Amino acid sequence: MKPPRQNVCGTRRVTRSMTSPQQISLPIPAELVFEIFSRLPSKVIARCRCVCKLWSSMLCRQYFIESFLTKSCARPQILFSCEAKFDICFWSVPQPQNQEGNSSAVAAANHLAPFRRYSRFFGCANGLFVCGYEGVKNDSKVVTVICNPSTGQSLTLPRLKSRTRYEVETYLGYDPIAKEYKVLSMAFSRVNNVYISVDHQVLTLGTKRLSWRKVQCCIPHLPSSSIAMYICGHLPSSSMPICISGVLYYKAGAPCISSVENIVESMVVCFDLRTEKFGSVKFLGTSCKEPTLVNHNGKLGLLMSGDSTYVNLERRSRSFELWVLRDAEWSKHVYVLPPSWKNIVTETMRIIGMIGNEIVLSLCNQNEHLYVIYYNVESKMITKVGVQGMDVYQGCYLKTYLNYVEDVKFF
């Protein structure tokens, strides 16, 4: 005769009706249980959901998900993605805090869940990524997938309601007030001999029935990422969108009659996730054709070094140029590099973005000695952080993302 099965969550019997923090029958206070879970890594949370129904109910509750995200936002990380032959791998490292003086440090990379290699990699917001791949044979429409490297989960979105068979562009944004993710998608087509974005649609994650709804865009434009994919076949990091305080920003060019190749970046398109309205602001006086969009203390910025988003000794980079958008007007800031710069930066580095007053640069490819450079524009101090634990993917193309937060959102 088998012994009676014991409850793994405690010695007292737990019923299904006990689903709220006040009703959970445990030998320790429910608030303390939530606090213990909130201190665990996200990939451990995903495993804990499979232990028992009670744990699954607790860890899938909106209260816990929002609490975990709030704590994760207080300790953002740098995320690396590396494309291997069949999959995309992710690693995260902590962002350095309160560095003083020129210094160097070493950080161990935390390996996150890998995903299959998708044909399109659109971008990320908070802890989620949006990817895409071509449909089945004779169906050229792109299938959109949301991935969560923290938990290893993925969600395939419904097919877009669009008649066009041209390239599709998709962006992901997060509204911190409504605490919801929204996906913005559009196609680009040739209308009256002019290349332009069409069929703008929005989908809100977390709803019971996922569905696309059309939104009106009165700004004729073509996203820079669509231009890059058409010409180069891949999406440069400088074309990545950025989401700041519930507003999604992406670079775009004015419609062109002749060809896509002749379209030049001339504006930043803004999409408010709350109102679902479009806006735009033009570039002014920038010598760089592809500046990097950055978050400069809560304001949109365009960052470059000379006429490029790359920094190396051959180009003799001497300064950074930052344009900050305040009250619909651009203000220019120039930061001259210190003499010690050439002794620290010995390889080609790509401008990734900004963390507070620090400009962040990363290598373009994963090599034997992966590192990240932080340059404080106020103190002129340089910090070099080596990253360990990614040697197996040496030589692969590398992408770097700032302010990554772990999100245990359950699809």
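How many bridges pair S2 with strand S5 (residues 115-116), and in which sense do the two strands run? Keep that question in mind while you find your way around. What you are looking at is a predicted model, and strand S2 is a good place to begin the tour.

Strand S2 covers residues 87-94. To answer the opening question, S2 and S5 pair in the antiparallel sense, over two bridges. One pair to look for is Ile88 with Phe115, its bridge partner in S5. S2 has other partners as well. Strand S4 (residues 110-111) is joined to S2 by two bridges, and these strands also run antiparallel. Here Trp91 stands opposite His111 of S4.

Now step back along the chain to strand S1, residues 77-83. Seven bridges hold S1 and S2 in an antiparallel pair, and a hairpin of three residues links S1 to S2. Within this pair, Ser81 has Phe90 in S2 as its bridge partner. Is S2 enclosed or open to the outside? Six of its eight residues are buried, so S2 is largely enclosed by the rest of the structure. As you follow a strand like this by eye, a general rule is handy: in a regular strand, the side chains alternate between the two faces of the sheet.

Let us turn from strands to helices. Two packed helices are described by the angle between their axes and the distance between the axes. For helix H1 (residues 30-38) and helix H4 (residues 62-73), the angle is about 45° and the axes lie 10 Å apart. Because of that angle, H1 is oblique to H4. The crossing of H1 past H4 is right-handed. Which residues make the contact? From H1 come Phe34, Glu35, Phe37 and Ser38, while H4 supplies Tyr63, Phe64, Phe68 and Lys71. Sorted by class, this contact between H1 and H4 has five nonpolar residues, one polar residue and two charged residues.

Further along the chain, four strands form an open sheet with antiparallel pairing, in the order S10-S11-S12-S13. Its edges are strand S10 (168-175) and strand S13 (213-214), each of which pairs on one side only. Inside this sheet, strand S11 (residues 180-191) and strand S12 (residues 194-204) are antiparallel partners over nine bridges. To find their pairing on screen, look for Arg190, which stands opposite Tyr195 in S12.

Another open sheet has six strands with mixed pairing, and its order is S3-S27-S26-S25-S24-S21. The edge strands are S3 (103-108) and S21 (310-311), and each pairs on one side only. At the S21 edge, two bridges join S21 to strand S24 (residues 349-355), and this pair runs antiparallel. Tyr310 is the residue to look for here, as it stands opposite Arg350 in S24.

Our last stop is a single residue, Tyr335, which is found in strand S23 (residues 329-336). Is Tyr335 buried or exposed? Its relative accessible area is 13%, so Tyr335 is buried. What surrounds Tyr335, once neighbours within four places in sequence are left aside? Its contacts are then Arg318, Ser319, Phe320, Leu322, Val377 and Lys380. You can also look for Ser305, 30 residues away from Tyr335 along the chain, with 9.6 Å between the C-alpha atoms of the two residues.

Note on methods:
Residues are numbered from 1 along each chain as its sequence is written. This is a predicted model: local features need pLDDT of at least 70, side-chain atom pairs count only at pLDDT 80 or more; totals for chains, interfaces and linings use all residues. Side-chain values use heavy atoms; hydrogens and water are left out. Axes are lines fitted to C-alpha atoms, for helices over the stretch in contact, and angles run from 0 to 180 degrees between N-to-C directions. Angles under 35 degrees count as roughly parallel, over 145 as roughly antiparallel, 65 to 115 as roughly perpendicular and the rest as oblique. A crossing is left-handed if the near helix is turned anticlockwise from the far one by less than a right angle, and right-handed if clockwise. Contact means heavy atoms within 4.5 Å. Ala, Val, Leu, Ile, Met, Phe, Trp, Tyr, Cys and Pro count as nonpolar, Asp, Glu, Lys and Arg as charged, and the others, Gly among them, as polar. Two strands pair if DSSP finds at least two bridges between them. Buried means under 20% relative accessible area, exposed over 50%, partly exposed in between (1.4 Å probe, protein chains only).
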